[in-house]
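Let's take a walk through a protein together, one step at a time. Have a look at the sequence and the model, and then read on.

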Amino acid sequence: MTTSMNRHQQLEQIIHYHLSTGGKQLRAQLVLSQAEQVGLDSQKAKTWASVCELLHNATLIHDDIQDNDPIRRGQASVWKKYGLAQAINAGDLLIFRAFTLASTLNNTHLITILAEISEKLVLGQSMELSPLSSEMNETWKYYLRMAEHKTGALFLLPSIGVHILSENSPDANKEKAWLSLGLCYQVLDDLKDYYGLKQQGQKQKDLHEKRLNALTSLLFDQGCEPDLRNLYFNGPLETECSCIESVVSKIESQKIPSRLILWIRQEMSKMQSVQELETAQLLFDHVENQLLSMESKNE
């Protein structure tokens, strides 16, 4: 019994460690701001905000394992500090706690939506990790579908939950806008990796791991020689350095970063016409500040 309790306490310690590393808690803030607009009971809003954060943080712990990222929010990631097995346990526990907490709101529709969104998150992550092929067509379209599942769904979740709890019918246009905001956030994240604004300055980690991110998906979709595509997807390790150098050269010559920054701005301009997204001003401001930083690197 004592040993079991000690192990339970260790898992609680791991979760506390991860949650104490900080984070912007954007999804919780989205819940609370929208709840205020529609007059949702504050306790229900706080509960749903916690559910969204629990699920989000579970995905972060698991993502760090799958991405082999040793750092999260400036500190050792959970798997790096406590080991892979316990990191998996911690992420799993946060998922189950999200469902347990959501069940206290006594709304079966809400639980169904939480399950559906959770499934989309896993599918999106699987799409990102699936072996890529040089024969893959429409890489940009594939990337957007992956990002909509992996990132967009977690921006939609706060909004759709508030609508369900306030007994308002969800608006399809607003749901699409929240998914689009998630896409912008994912493209921004890929640009941050490219410029070394993540992981303590490490640049282009995605490229060196030959991932299909926003930059490579646009490049391969619209202007890259088949031989270079094939080398990126299937080339032997000894050609990796020259391959990455060639891809970076193509990305720069075709001004892929500038085109993606423009794409984000255009998408956000469309979204700001959706009234409900006034609640996302914090996100818009965050994205804009990041874009200004990246544009300065392009000058």
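How many disulfides does the structure hold? The count is 0. Keep in mind, as we go, that this is a predicted model. Two of the cysteines are still worth finding on your screen. Cys52 has a relative accessibility of 1%, so this residue counts as buried. Cys243 counts as buried too, because its relative accessibility is 0%.

Now step back and take in the whole chain. The protein has 299 residues, and 51% of them count as buried. Its secondary structure comes to 14 helices and 2 strands. How do parts of the sequence meet in space? Take the contacts between residues with a separation of 6 or more: 75% of them join residues that are 24 or more positions apart.

Next, let's head inside. The largest nonpolar core has 83 residues. Helix H7, which covers residues 139-165, gives the most to this core, with 15 residues. The residues with the most contacts inside the core are Trp48, Trp140, Leu157, Val187 and Leu260. Try centring your view on Trp48. Leaving aside residues up to four places away in sequence, Trp48 touches Val31, Ala102, Leu105, Leu110 and Leu114, and also Leu157, Pro158, Gly161, Val162 and Leu165.

Is there any empty space left in the protein? Rolling a probe the size of a water molecule over the atoms shows where such space remains. Counting cavities of 30 Å³ or more gives 1 cavity. About 50 Å³ of space lies in the largest cavity. Which residues line the largest cavity? They are Tyr17, His18, Thr21, Ile61, Asp64, Arg72, Ala76, Ser77 and Val78. Helix H1 (2-20) and helix H3 (42-67) each supply at least two residues of this lining. By character, the lining divides into 4 nonpolar, 3 polar and 2 charged residues.

Our last stop is a pair of loops. Asn106 lies in the loop between helix H5 (84-103) and helix H6 (108-129). Its phi is near 55°, a positive value in a residue other than glycine. Is Asn106 buried or exposed? With a relative accessible area of 70%, Asn106 is exposed, because the cut-off for that word is over 50%. Lys255 sits in the loop between helix H12 (240-253) and helix H13 (256-271). Phi of Lys255 is also near 55°, again a positive value in a residue other than glycine. At 55% relative accessibility, Lys255 counts as exposed.

Methods: Residues numbered from 1 in each chain as written. Predicted model: local features only at pLDDT ≥ 70, side-chain atom pairs only at ≥ 80, totals over all residues. Heavy atoms only, no water. Disulfide = S-S within 2.5 Å. Buried < 20%, exposed > 50% of the residue type's maximum accessible area, 1.4 Å probe, protein only. 1 Å grid on protein atoms, 1.4 Å probe; cavity = no way out; pocket = protein on both sides within 12 Å on 5 of 7 lines; lining within 4 Å. Points joined across faces, edges and corners; volume = space filled by probe spheres on them. Helix = DSSP H or I, 4+ residues; strand = E, 2+ residues; numbered from the N terminus. Nonpolar A, V, L, I, M, F, W, Y, C, P; charged D, E, K, R; others polar. Core = buried A, V, L, I, M, F, W, Y, C linked by side-chain atoms within 4.5 Å. Contact = heavy atoms within 4.5 Å.
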